[in-house]
Amino acid sequence: MASASDQWVQCAKCKKILFKPDFEQAMRVCPSCGHHHRLRARERIAFTVDPNSFVETDADLRPADPLGFPEYADKLAKGAQSAGENEAIITGIATIEGHRVVLGVMDFAFMGGSMGSVVGEKVVRCFERGLEQSLPVILFCASGGARMQEGLVSLMQMAKTTAGVARFQQARQPYIAVFTDPTMAGVLASFASLADVILAEPGALVGFAGQRVAAQASVGKPPANFQTAEFQMEHGMIDLIVPRKQIRPTLAYLLDIFTGGARV
Amino acid sequence: MTIFDFEKPINELESAIQELRQLVAEKGIDRTREIAELEAQRERLLRQIFSHLRPWDKVLLARHPKRPYALDYIRLMCESFVELHGDRLGFDDPAIVAGVGKLGAYRLVIVGQQKGRDLKERQRRNFGMAKPEGYRKAMRMFQLAEKFRLPVLTLVDTPAADPGVESESRGISEAIARSMLTLFELTVPTVSVILGEGGSGGAIALAATNRVLMLEHAIYSVIPPEGCAAILWRDPNRAPEAANALKLTAEEALRLKLIDLIVPEPLGAAHRDPQTTALSVRSAILQQLDELSQMEPEALREHRYQRFRQMGVFQTAAP
């Protein structure tokens, strides 16, 4: 999305010039073609939770460089500067239409939302907090996958977050994941795919391997909608595709169904 | 047959020894002294080469076409084994072998990734790259183990999970995730051994276990070095540098406390003596099972949770 001026923005998909206040009002969904532009984590939180209800947790966690990986320290510093965040996920406790939940929102702007030690730790703490306080867990995913720069330590975050899901099952509280653009690889192949209910935004990229790798490993051409939320829903991997405006009421509805008991 | 550069001088010596032996056999000429000399030379050379292998050499060894595979280990170390097939959802993935067997004092469930030895077999096994149905077959076996209170052994050797369109269509990500979830739910002892390539999600799917062992020259990595080099420097040929950066050797994995034990390989790596390697793997597994069998079912699950829970390196900012 290129900014034409302070007042006008261009849709990344249909290229139409949009009046910025209208575009922001529409939660950065193009009013012309419906393209869902990526949101920053804090924007997402503001659109999702009841006003002033969000209390951030574990904001003091900072990445380290366990392998001394080339350029990683530099990338972290630049990521923090350009994203204005210290890591690729923000977690906390909030209410959604009055339902108290543990909330985690990934931020693609910080190193492609990649999952290293801090993301893994904060996701596990979400599940532990949900179990301790008997609260539902809602996670918005936005990630290119595991963080290569943390090597095998980052691969282990797949197991660690999955362990969190396994233990949280004892809480008998719902875990709902929302796949936003993009939800890929190590995140998709761990905690993200294990939610009780999986929602996705229209058109979000959702898949395991990169598109080129997938095409190279396959006979014939991948379908046109390959690795979109729509493709994944066709194949049974997503419960529901929900336009951005409807996500908050849909979450509230599901929370009511799963936590309200059988008798209305 | 591929022969790697660092192995070339060894292979040359070995051919020379072979030739001399043939000469002895065919013509009855006494060459004992020469043979002994060459063998000593070979031994020295092996020691010299294997005492300072670079990470990239380990990548090549882990992928060595003669390296023993899961079924070789099962044959060499188990008293008996019966392979069981299918995910009960329409498929049977040849990239994953699974079944029940006996190992020392234990009846157990075994799940392993299997590469192929020749081209036809390699294709049939999809180069050890499992599809969703492979992980779903594995989950079936894990659940069998839980039901009949049997320990689980997984043998990891895969470049990666299958990344193709077909696998994506059947939910490869969900299958990997649920395979780990199933392992975390078990209350029986679980042990995994990284035999060759521990390739990313495809490997961790089977390695969320109470104990994780690694063969001396195996590798375990979040991304293949070629892929890492392509991302970092847009040049897959710089894979040897990426192999350094990724710290994918057993030594590094142990230093980072991500594995429990390194199983030593014979001089010159597993493929020079599969029998001895398999016996080392066997005794290492039995030692783990002896220890884990002392634990209560719930303690095993808790142990597994804590094992992975503490993995991660981060800092806490001053308030």
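In chain A, the centres of domain 1 and domain 2, taken over C-alpha atoms, are separated by 25 Å. Before going on, a word on ground rules: this is a predicted model, in which local features need pLDDT of at least 70 and side-chain atom pairs count only at pLDDT 80 or more, while totals for chains, interfaces and linings use all residues. Residues are numbered from 1 along each chain as its sequence is written, and chains are lettered from A and ligands numbered from 1 in the order in which they are written.

Back to those domains. Domain 1 of chain A covers 1-37 and domain 2 covers 38-259, with bounds that come from an automatic or database domain assignment. Seven residues of domain 1 of chain A are in contact with nine residues of domain 2 of chain A, where contact means that the C-beta atoms, placed from the backbone, lie within 7 Å. On the domain 1 side, that patch has two nonpolar, four polar and one charged residues. For these classes, Ala, Val, Leu, Ile, Met, Phe, Trp, Tyr, Cys and Pro count as nonpolar, Asp, Glu, Lys and Arg as charged, and the others, Gly among them, as polar.

Now look at β7(A), residues 137-143. Helices (H or I, at least four residues) and strands (E, at least two) are DSSP runs, numbered from the N terminus. Seven of the seven residues of β7(A) are buried, meaning that 20 or more other C-beta atoms lie within 10 Å of a residue's own (exposed is 12 or fewer, partly exposed is in between, and C-beta atoms are placed from the backbone). In a regular strand the side chains alternate between the two faces of the sheet. Here both faces are covered, with V137(A), L139(A), C141(A) and S143(A) on one side and I138(A), F140(A) and A142(A) on the other. Strand β6 of chain A (residues 99-106) runs parallel to β7(A) and is joined to it by four bridges; strands pair if DSSP finds at least two bridges between them. Within this pair, V105(A) stands opposite F140(A).

Follow the chain out of β7(A) and you reach R147(A), in the loop between β7 and α5 of chain A. R147(A) counts as buried because it has 30 C-beta neighbours inside 10 Å. Leaving aside residues up to four places away in sequence, R147(A) touches M111(A), S114(A), M115(A), G116(A) and S154(A). The C-alpha atom of R147(A) is also separated by 8.7 Å from that of S117(A), 30 residues apart along the chain.

S117(A) takes us to a helix pair. The axes of α4(A) (residues 117-133) and α5(A) (residues 151-168) come within 9 Å and cross at roughly 5°. These axes are lines fitted to C-alpha atoms, for helices over the stretch in contact, and angles run from 0 to 180 degrees between N-to-C directions. The two helices are therefore roughly parallel to each other, the label for angles under 35 degrees (over 145 is roughly antiparallel, 65 to 115 roughly perpendicular and the rest oblique). Among the contact residues are V123(A) and F127(A) of α4(A), and T161(A) and G164(A) of α5(A). By class, the contact has eight nonpolar, six polar and three charged residues.

What about the partner chain? 50 residues of chain A are in contact with 47 residues of chain B. On the chain A side, β4 (61-63), α4, α5, α6 (185-188) and α7 (211-216) each supply at least two residues, and α5(A) gives the most, with 15 residues. This side of chain A has 31 nonpolar, 14 polar and five charged residues. Strands pair across the chains too: three bridges join β4(A) to β9(B) (residues 314-316), running antiparallel, and P63(A) has F314(B) as its bridge partner.

Chain B has its own two domains, domain 1 (5-52) and domain 2 (59-309), whose C-alpha centres lie 34 Å apart. Inside chain B, strand β3(B) (residues 106-113) has six of its eight residues buried, so it is largely enclosed by the rest of the structure. Eight bridges join β3(B) to the antiparallel strand β2(B) (residues 96-103), with L103(B) partnering Y106(B). Two residues lie between the strands of this hairpin, where G104(B) takes a positive phi near 55°. Strand β4(B) (residues 152-158) runs parallel to β3(B), joined by four bridges, and I110(B) has L153(B) as its bridge partner.

Conventions: Contact = placed C-beta atoms within 7 Å.
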